[in-house]
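Reader: Please examine one residue of this model closely, and then set its environment beside the packing, the charged pairs and the aromatic contacts found elsewhere in the chain.

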Amino acid sequence: MRQSIFILSTILGLLSLVCCPLSIMAQTEVEPFVPGSTLEGVTYYLPRTAFRVTVIAEKTTTRPGDFHKYADRYLRLQNVPTEESVKWNLKSITFEPYGKPDKNKAYSIKIKSKTVAPLVGLSRDGLLLSINCDANESFLPDLPKPEKGQAPENPRSYMTQEMLAAGSTAKMAELCAQEIYDIRDSKNALIRGEAENTPKDGAQLKLMLDQLDKQASVLESLFSGTTQTDTEVFSFFYDPQQETSRDVLFRFSQKLGVLDADNLAGEPVIASIKVLETIPTTVPSEEAAKKRAKMDHGVYYNIPARAKINVTYNGQEFVNMETPMAQFGIVDILSNTLFDKKATTQVTFFQTTGGTKDVME
């Protein structure tokens, strides 16, 4: 929730708080080192631009069938899996910017006798959102949900009584293979119209053929094995400090999936960040210095610079985006004359960068 804090600059204004609701009075009683109301003013942070990184990967698990040893003998199936294995596939990487309080950019809006009482909007972690107007705090969206793949059906539910009563695995495999061939014969007979119970209705025929295909496929999985593909979601936060051409975000392995950046069992996922513009700074002069001194009690805000972000893995590009970033820009000041008794300027700020969004008289 945002903290909305009224700062009254005159003694008469302070006395008028007696008539205010207790909920408003309570907002001025904030701990000294927590952004909010202090005896001297409202303390706030300007943000750094950080990112939530979301990685989506597919995990495919292959399991051998109970009769994999007899796959070639009875069904002429070769190269079937003989042991369980897992293979990962990197599907997507997304960057979502958010504002992170920069501990080196903490400021206070002072109480002055010649200013009006500004309504200051802060985020939950003390970022400046607005002055003299409302601004909604934004939050990162919910992460996508992992998805469990469809589990293979139990082939024993399609076995005949004779197969289940077989005295050995070899005999059970032989009877299962024979059942598969019988199902195939029945399917061919239906397709040719040679079966005694061939339906005349096309929809009914398709239903019967689909059921036979399903029975054959489930029984064949006892020889060929099964696969199940699950979608997994990983997330972490990334706070770039400077430009970089090769920053290892994390590592990825087809056998182990998403790994820490220092785990050499996987291949690196590389991020590069390049600043696309340079924000010009004011040329120092005696006149400018005097004006600056008069603005010392104004409102500090960020002027962000645009940066380009690329993320690659094994030569494949997963992220290519441009976005403003606070840490590559400069800090400037909104003059306190904008908030004196003659003007109640309304200002809103971008939560991810600390830059001005709207300035209205």
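**Phe 349 and the wider packing**

Author: Phe 349 is buried, with a relative accessible area of 6%; buried means under 20% relative accessible area, exposed over 50%, and partly exposed in between (1.4 Å probe, protein chains only). The model is predicted, so local features require pLDDT of at least 70 and side-chain atom pairs count only at pLDDT 80 or more, while totals for chains, interfaces and linings use all residues. Residues are numbered from 1 along each chain as its sequence is written, and side-chain values rest on heavy atoms, with hydrogens and water left out.

Phe 349 belongs to strand S12 (residues 346-349); helices (H or I, at least four residues) and strands (E, at least two) are DSSP runs, numbered from the N terminus. Its contacts (heavy atoms within 4.5 Å) come from several parts of the sequence. Setting aside residues up to four places away in sequence, Phe 349 touches Leu 128, Leu 129, Ser 130 and Ile 131, then Val 299, Tyr 301 and Leu 334, and finally Gly 354, Gly 355, Thr 356 and Lys 357. Between Phe 349 and Val 359, ten residues further in sequence, the C-alpha to C-alpha distance is 9.0 Å.

For comparison, consider the nonpolar cores, each a set of buried Ala, Val, Leu, Ile, Met, Phe, Trp, Tyr and Cys residues joined through side-chain atoms within 4.5 Å. In soluble globular proteins, nonpolar side chains tend to be buried together. The largest core here has 27 residues, and the members touching the most others are Phe 67, Met 159, Cys 176, Leu 219, Leu 222 and Phe 223. Helix H3 (71-75), helix H5 (169-192) and helix H6 (202-224) each give two or more residues to this core, and H5 supplies the largest share, nine residues.

Leu 222, beyond its neighbours within four places in sequence, contacts Gly 65, Asp 66, Phe 67 and His 68, as well as Pro 155, Met 159 and Cys 176. A second, separate core of 25 residues includes Trp 88, Tyr 238, Ala 305 and Phe 328.

Helix H6 comprises 23 residues and reaches 31 Å from its first C-alpha to its last, close to the 33 Å expected at 1.5 Å a residue; the expected span is 1.5 Å times one less than the number of residues. Its buried residues are Leu 209, Leu 212, Ala 216, Val 218, Leu 219, Ser 221, Leu 222 and Phe 223, and what covers them includes H3, helix H4 (161-164), H5 and S6.

Two cysteines deserve mention. Cys 176 is buried at a relative accessible area of 0%, and Cys 133 is buried at 12%. With a disulfide taken as a pair of cysteine sulfur atoms within 2.5 Å, the structure contains zero disulfides.

Turning to charged pairs, the structure holds 13 salt bridges, each a side-chain nitrogen of Lys or Arg within 4 Å of a carboxyl oxygen of Asp or Glu. One of them joins Glu 96 to Arg 52 at 2.8 Å, N to O. This pair links distant parts of the chain, since Glu 96 is in strand S3 (residues 85-110) and Arg 52 in strand S2 (residues 41-63), 44 residues apart. Both Glu 96 and Arg 52 are buried.

Lys 171 and Glu 174 form another bridge, their closest N and O atoms being 3.9 Å apart. These two residues lie in helix H5, three residues apart, about one turn of the helix. Lys 171 is partly exposed at 38%, and Glu 174 is partly exposed at 37%.

Arg 306 and Glu 322 also form a bridge, with closest N and O atoms 3.9 Å apart. Because Arg 306 lies in strand S10 (residues 299-313) and Glu 322 in strand S11 (residues 316-334), the pair ties together parts that are 16 residues apart in sequence. Arg 306 is partly exposed at 33%, and Glu 322 is partly exposed at 45%. In addition, Arg 48, Lys 100 and Asp 239 are linked in a network of salt bridges.

Among the rings, a search of the whole structure finds ten aromatic pairs. Rings of Phe, Tyr and Trp (its six-membered ring) pair if their centres lie within 6.5 Å; planes under 30 degrees apart count as stacked, over 60 as edge-to-face and the rest as tilted. One tilted pair is Trp 88 with Phe 234, at 6.1 Å centre to centre and 55 degrees between the planes. Trp 88 lies in strand S3 and Phe 234 in strand S6 (residues 226-238), so the pair ties together parts that are 146 residues apart in sequence. Trp 88 is buried at 9% relative accessibility, whereas Phe 234 is partly exposed at 26%. Tyr 44, Tyr 107 and Tyr 300 form one aromatic cluster.
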